[in-house]
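Open the model in your viewer and set it to cartoon. The stops below follow one another; select as you read.

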Amino acid sequence: MMPGLPEPHRTFNVMSIVGTPGVALFANDDLVTTSPNDTAYVVSATSAMTGGQFRVYRIGAECEFAPDGSRVRFAGDLVIENDGAKVRVRRTHAEVEVRLDLEATDTITHFVRLPGVYRHWSRLCHASGRVGDVDVAGLATLEYACGVGTHSLLDRRLPNLPANLFTYHVLNVDDRTQLLFSHVTGPGRIPVQRAVHIRTPGSVERVRAGHRWDVDEYAPEPLVTPDGRTMRMPERFTWGATGIEVRGTAAGDWVYGLGAGYVGSYDYEGTLRGKAITGVAYIEYVDVR
């Protein structure tokens, strides 16, 4: 994810789910054409794209995954290559071509570390390249998650594990500082993950005290997902933790495909430990309550 791009792009993201995870927040079972473990989902967009941001692939026929992680390809739409020094992202789209080179820093955020069950980490990167006809440079985040789900044992349609609400945000405060916000609840609104991570090259701090997520106003009309669900989308909202407050206004550029929900962007203002901050942030949002 790379937030804070020049208009009209605002943000760029790649979010891929390889194999069907078996969790309600990230399930698109109606789009499986062969089997759950032969299905990959990709949403990749900037705010300037008006269609074709989300697609489902048959892994055996349309994808390429090098065992050493050096090359990942989804048909002719997306290629990610890693030579150990740089990660190159090439996104082919009829409206916006994206070519980015990522240089990873040593700053790594571990969201979850459950050996043999689930792990999810995020690495702060410097990114540069071209989005559409605009040269870009700034902070980005490169993320990876791997887990064992119900389909790891049986490659057929199975009931999904219950979940509730998921939202994740990435925003660049300046050319050295990045904030990551996560708010995840399970059945009965039981907290699963709530934290704000403050990152600079060489340092990362996790703040949980005072964590909050409040939707001040929902969009007048809910969105309808491809499988017929309706989802209320936040239009104005506030989040933060001790010493951090961010007030956001959604841009309305929601794109389906973040599991069972959406990605988009918003304009934000707020404070980070007494310093005024403002800019454009990336948001992921899934509400299956």
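Two strands count as paired here if DSSP finds at least two bridges between them. Keep in mind that this model is predicted.

**Stop 1: strand 18**

Select residues 234-241, which make up strand 18. Is this strand mostly covered or mostly uncovered? Covered: six of its eight residues are buried.

Now add its partners. Show residues 212-218, strand 15. Strand 15 pairs with strand 18 in the antiparallel sense, over six bridges. To check the register, pick Arg 212; its bridge partner in strand 18 is Gly 240.

Next, add strand 19, residues 244-250. Strand 18 and strand 19 are antiparallel too, with six bridges between them. Here Ala 241 has Ile 244 as its bridge partner. These two strands form a hairpin with two residues between the strands. Click on Gly 243 in that hairpin: its phi is positive, near 85°.

**Stop 2: strands 5, 6 and 7**

Move to residues 71-74 and 78-82, strand 5 and strand 6. They run antiparallel and are joined by four bridges. Arg 73 finds its bridge partner, Val 79, in strand 6. Which residue in the turn has a positive phi of about 50°? Ala 75 does; the hairpin of strand 5 and strand 6 has three residues between them.

Extend the selection to strand 7, residues 87-91. Five bridges join strand 7 to strand 6, again in antiparallel fashion. Leu 78 stands opposite Arg 91 of strand 7. Strand 6 and strand 7 also form a hairpin, with four residues between them. In its turn, Gly 84 has a positive phi of about 95°.

**Stop 3: a surface patch**

Switch on the surface and select Leu 114, Val 117 and Tyr 118. Together they form a nonpolar patch with about 260 Å² of accessible area. Tyr 118 belongs to strand 9, residues 118-131. Why is Tyr 118 called partly exposed? Its relative accessibility is 31%, and the partly exposed class lies between under 20% for buried and over 50% for exposed.

**Stop 4: the largest cavity**

Rolling a probe the size of a water molecule over the atoms shows where empty space is left. How many cavities of 30 Å³ or more does the structure hold? Two. The largest has a volume of about 70 Å³. Select its lining: Thr 11, Asn 13, Ala 45, Thr 46, Ser 47, Asp 253, Val 255, Val 263, Gly 264 and Tyr 282. The elements that give two or more residues to this lining are strand 2 (39-46) and strand 21 (261-272).

Definitions and conventions
Residues are numbered from 1 along each chain as its sequence is written. This is a predicted model: local features need pLDDT of at least 70, side-chain atom pairs count only at pLDDT 80 or more; totals for chains, interfaces and linings use all residues. Side-chain values use heavy atoms; hydrogens and water are left out. Buried means under 20% relative accessible area, exposed over 50%, partly exposed in between (1.4 Å probe, protein chains only). Patches are made of residues with over 30% relative accessible area and no salt bridge: like charges are joined within 9 Å, nonpolar side chains (Val, Leu, Ile, Met, Phe, Trp, Tyr) within 5 Å. Accessible areas come from the Shrake-Rupley method with a 1.4 Å probe; for residues, only the protein chains shown count as cover. A salt bridge is a side-chain nitrogen of Lys or Arg within 4 Å of a carboxyl oxygen of Asp or Glu. On a 1 Å grid over the protein atoms alone, a cavity is a set of points where a 1.4 Å probe fits but cannot get out, and a pocket is an open set with protein on both sides within 12 Å along at least five of seven lines; lining residues have an atom within 4 Å of a point. Grid points are joined across faces, edges and corners, and a volume is the space filled by probe spheres set on the points.
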